[in-house]
Amino acid sequence: MRFGLGPLTIESIAGKQHVDTYEEALEQAEIAERWGFDSVWVDERNFTPGAFNSSASVVGAAVAQRTTYVRVGLMPLAGLVNAIYVAEEVACIDNISNGRVIVACQEPGERVATGWGGDASVDRIRDDLAVMRKAWGPNPFNHHSPYHTIPAEMAAHTVAAGLHSISVQPKPAQLAVPLWMAGTSIAAEVAAAEALPFFGPAHLSLEELRPFYSRREPGPGEIVPLAREVFIARTGEEAHESARPALERLYARLGEPADAGSGSFADLARDRFVIGDPEQCIEQLYRYQHELGVNYVVARLAYHEMHAGETARAIQLFGQAVVPEFRMFGLPDEIRKLA
Amino acid sequence: MGKVDVGVGIWSLQSTKTGPRHFSYLYQELIEDAQYVDELRTISTIWQTEHHFWYDGYCPSLLTVAGGIAAATKHIRIGQSALLFSQHEALRVAHQAAVLDQLSAGRLDLGLALGYRDNEFDGFNIDRRVRRQRFEEGVNVLRRAWADGPVNFEGAQFSVPDVAVTPKPYQADVPIWVAAVGPKPVERAARMGASIILSDALTLDQVRSHIDLYRECAEAAGTSGSGAKMGVLRRGWVAETNEEAFSEALPSLRFLLREQLGGWRYLVDEYGEPVGFDRPSELDAAAAKLVAVHERTIGRPERVVRGIREIASAGADHIIFGTRFDSLPRAKYLRSLELLATEVIPHV
């Protein structure tokens, strides 16, 4: 199993300057790299009352600069603008990071809900993916679909006359940028149609995730990723005491799941949040591995409601006490107990 | 002559025919350059430049790359000279600029231009003929997006519903700069109360008349109190002696002006018509004329101080010292930057 940190939320928190939250997020990325994580993830949300980070690209480039080894997980919203913009930004970040980018396109639910631009349909998102892949490929390309006309070959553009293709530059450092699809039913459908890893969101429970993960048998060695709310401390009580207020307020701000506010925290957390001491976290994560076939967990761990030191300790403890259990096949019990 | 700020530029991240590089090398070099100038402290701003679909990889995504610069630096302001705004979605730029401004703790100087290459508009399926309208509507979208409350904008080019953009920028008023070659964008910037960046294709007399034009228009539009900056892009190079500076920089400058600007049809003749490779003798003449303009900020520190003062006396209060020439050894341009920061700027 592999592990990532995030997706970083970087929202506005009462009592904290927003600018400090951005710096805190970059420090969390550095801490995750120090404690052996495989990746750090940045998503984007727009028009949110909590002022969540709204540009995966801008913060992704910053994470790429602050880290050296971890992969940089970018979660751009798909289906909203000409996909060339996203392709160009990803290529730049891939070069800043020297080839460490993974892209998990998100279905654009919230933005479409606001009535601004775009199209959240399966066809539109698949078309965006096609444009991005062509843009990252080595050859010039053209693309004509209901969603993209590349190049337009407008009569008014006399200097461009006769050019039937364009070449998006620069090219990414990687030969092929790893692509995943993040979201719920639309993302699962796109993932199945494109044979891409489906990246389930943190707010869905194990039962809710099951149908999305059973759509397709992953190929040999294929990544099966999942995002989870995770918080860890030396004791289960301590972990719950810290995580509960942070998660309750985060989910109130996110408005996800829709019934988040109606039940008790225990109901919300059950089969959804991974909270506890190392043993409890390991046990819960094994369930996702066994029942959904997950082999790549992106653990949030970083909650801006908490003191930055508390988050740093949790990232370290997760790296030392949970990750080895899943990564170090054959770890002798005597060494395992040292954690 | 009031206070003059000096920024440096313009980072394009090209892997050119004469200086081919792996792009990761170029992006790493940009980050290191940014850290270097950040530590020099007298240099106010690092400026980036944008093009799309250009054969040598010219950087297309300035605000994204600026995220990397912001994370690598603490003091220096980060500007675009310029982001080709008419080729972008204004609301996406609003989001990215706001995030960048937060990430950098208020160090964004957002420089915008119309864009002019047909190939770029064609690639984005945007009619070049609406670029002015897209620009003006787009600036409205930016300003509404960063103000309190919903955007709610209905235009011919952009339509943004009743949504509030979040997060807001760190700066209460993100400076907007408008890049200009001809008088039209100068007038546009003056009406908006925006700062201007005058092109490196302009002579000193043209700079003076553009700045005068700006002031007249700003007066007429009632925006003269906006605190707008009058910026000028000048190619420049500093070495210990004039001879050293000329021999290092002039061949690269000639190449840049003739081969690259010619290829872009960026240079214009006296009638405002683009001069490209199809008109080689006019291209040579246009390039030679510009070499004479930029030579005045190439030389030993004392000469460059005089050159910068000359531009400032035309009314400029921000000089973008364009010291990034293709295929010059990095140690040399870092030395040029150091001399600029320590021997030129303190004496301007």
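This is a short walk through a predicted two-chain model, from the sheet of chain A to the contact between the chains. Because the model is predicted, local features need pLDDT of at least 70 and side-chain atom pairs count only at pLDDT 80 or more, while totals for chains, interfaces and linings use all residues. Residues are numbered from 1 along each chain as its sequence is written, and chains are lettered from A and ligands numbered from 1 in the order in which they are written.

Let me start with the sheet. In chain A, nine strands form an open sheet in the order β8-β7-β4-β3-β2-β1-β11-β9-β10, with parallel pairing; strands here are DSSP runs of E of at least two residues, helices are runs of H or I of at least four, both numbered from the N terminus, and two strands pair if DSSP finds at least two bridges between them. At the edges stand β8 (198–199) and β10 (273–276) of chain A, each with a single partner strand, so one side of each has no neighbour in the sheet. Strands β9 (residues 225–232) and β11 (residues 296–299) of chain A run parallel and are joined by four bridges, and A:Ala227 has A:Val298 as its bridge partner in β11(A).

Turning to the core, the largest nonpolar core, meaning a set of buried Ala, Val, Leu, Ile, Met, Phe, Trp, Tyr and Cys residues joined through C-beta atoms within 7 Å, has 217 residues, and those with the most contacts inside it are A:Ala87, A:Met181 and B:Ala94. Helix α3 (residues 83–96) of chain A gives the most to this core, with 10 residues.

Which category does A:Tyr147 fall into, buried or exposed? A residue is buried if 20 or more other C-beta atoms lie within 10 Å of its own, exposed if 12 or fewer, and partly exposed in between, with C-beta atoms placed from the backbone; A:Tyr147, with 20 C-beta neighbours inside 10 Å, therefore counts as buried. A:Tyr147 lies in the loop between β5 (143–144) and β6 (149–150) of chain A, and A:Asn82, 65 residues away in sequence, is 8.3 Å from A:Tyr147, C-alpha to C-alpha.

Finally, the contact between the chains, where two residues are in contact if their C-beta atoms, placed from the backbone, lie within 7 Å, takes 49 residues from chain B and 53 residues from chain A. On the side of chain B that touches chain A, the largest share, nine residues, comes from α3(B).
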